[in-house]
Each structure stands twice: as structure tokens, then as C-alpha cells.
Amino acid sequence: MRKRYCYLCKNKIETVEPTDTGTLNHYVSYFGVIEPRSKTRLCQKHQKKISSAIKKARDLGLKFGES
Ligand SMILES: [Zn+2]
């Protein structure tokens, strides 16, 4: 029934490290804004993990949305 499937669930990724900027980059727009769930297609659980990882990464001074 569900056509959209959360990428992280699909790949059985349970935790997202703030240092994993490669993964986090997919979920941050060009301007460094966290993409909404309608765009990321993540489940609620993983959206929350992604956004908290991004916030932590910002605290660490890591940069996103630039490549
Ligand atoms: Zn998920």
C-alpha cells in the first residue's frame, strides 16, 4: 500500500551521526534549511533523527548545503 518508503528504514539505518554530513546533506536545502518531510519522504521517526543530527552538526560547526 505504501509506495513511499523511508530511505533510512529501507537501508536499516537506525542512527544518523551528526558527523555524517554526506547523508545529512540530502536533507538540507541549498540554504541550509532542513527539508520538510513532504520532500525528504522520511518517516516521522527518522525525520526527527535527521533534524536533531543536523542541529547537532550545526553546533559542531559543520556545514551543509554546500558541495
Ligand atoms: Zn524511517
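This presentation goes through the helices of one chain, with most of the time given to helix H4 and its buried side.

Good morning. The model is a predicted one, and I shall begin with the overall content. The chain comes to 4 helices and 0 strands, and its elements run α-α-α-α from the N terminus. Of the 67 residues in the chain, 18% are buried. Among contacts with a separation of 6 or more, 70% are between residues 24 or more positions apart.

I turn next to the interior. The largest nonpolar core has 11 residues: Leu8, Val16, Leu24, Tyr27, Val28, Leu42, Ile50, Ala53, Ile54, Ala57 and Phe64. Helix H4 gives the most to this core, with 4 residues.

Let us therefore consider H4, which runs over residues 44–59. Its 16 residues should span 22 Å at 1.5 Å a residue, and its end C-alpha atoms are 23 Å apart, in agreement with that expectation. Seen down the helix axis, the buried residues of H4 fall within an arc of 100°, so they line one face of the helix. Those residues are His46, Ile50, Ala53, Ile54 and Ala57. The general background is that an α-helix has 3.6 residues a turn, so residues three or four places apart point the same way.

What, then, covers the buried residues of H4? The cover includes helix H1 (7–10), helix H2 (21–24) and helix H3 (37–40). On the face turned away from the buried side, H4 carries the exposed residues Gln44, Lys45, Lys48, Ser52, Lys55 and Asp59. After H4 comes glycine 61, which has a positive phi, near 85°.

Two residues of H4 deserve individual attention. Isoleucine 50 is buried because 23 other C-beta atoms lie within 10 Å, against the cut-off of 20 or more. Leaving aside neighbours within four places in sequence, isoleucine 50 is in contact with Val16, Leu24, Tyr27, Thr40 and Leu42. Of these partners, Val16, Leu24, Tyr27 and Leu42 are also listed in the nonpolar core. The C-alpha atoms of isoleucine 50 and glutamate 17 are separated by 8.7 Å, although these two residues are 33 residues apart along the chain. The second residue is alanine 57, and with the same neighbours left aside its contacts are Pro18, Thr21, Leu24 and Leu62. Leu24 is thus a contact of isoleucine 50 and also of alanine 57.

Another pairing with H4 begins in helix H1, where cysteine 9 is placed. Is cysteine 9 buried, exposed or partly exposed? With 13 other C-beta atoms within 10 Å, cysteine 9 is partly exposed. Beyond its neighbours within four places in sequence, cysteine 9 is in contact with Cys43 and His46. From cysteine 9 to histidine 46 the distance is 7.9 Å, C-alpha to C-alpha, with their positions 37 residues apart in sequence.

I close with two loop residues. Lysine 12, in the loop between H1 and H2, has a positive phi of about 55° although it is not a glycine. Lysine 12 is exposed, with 6 other C-beta atoms within 10 Å. Arginine 41 belongs to the loop between H3 and H4; here too the residue is not a glycine, and its phi is positive, about 60°. Arginine 41 is partly exposed, having 14 other C-beta atoms within 10 Å.

Thank you for your attention.

Definitions and conventions: Residues are numbered from 1 along each chain as its sequence is written. This is a predicted model: local features need pLDDT of at least 70, side-chain atom pairs count only at pLDDT 80 or more; totals for chains, interfaces and linings use all residues. Helices (H or I, at least four residues) and strands (E, at least two) are DSSP runs, numbered from the N terminus. A residue is buried if 20 or more other C-beta atoms lie within 10 Å of its own, exposed if 12 or fewer, and partly exposed in between; C-beta atoms are placed from the backbone. Two residues are in contact if their C-beta atoms, placed from the backbone, lie within 7 Å. A nonpolar core is a set of buried Ala, Val, Leu, Ile, Met, Phe, Trp, Tyr and Cys residues joined through C-beta atoms within 7 Å. The expected span of a helix is 1.5 Å times one less than its number of residues. The arc is that of the directions from the helix axis to the C-beta atoms.
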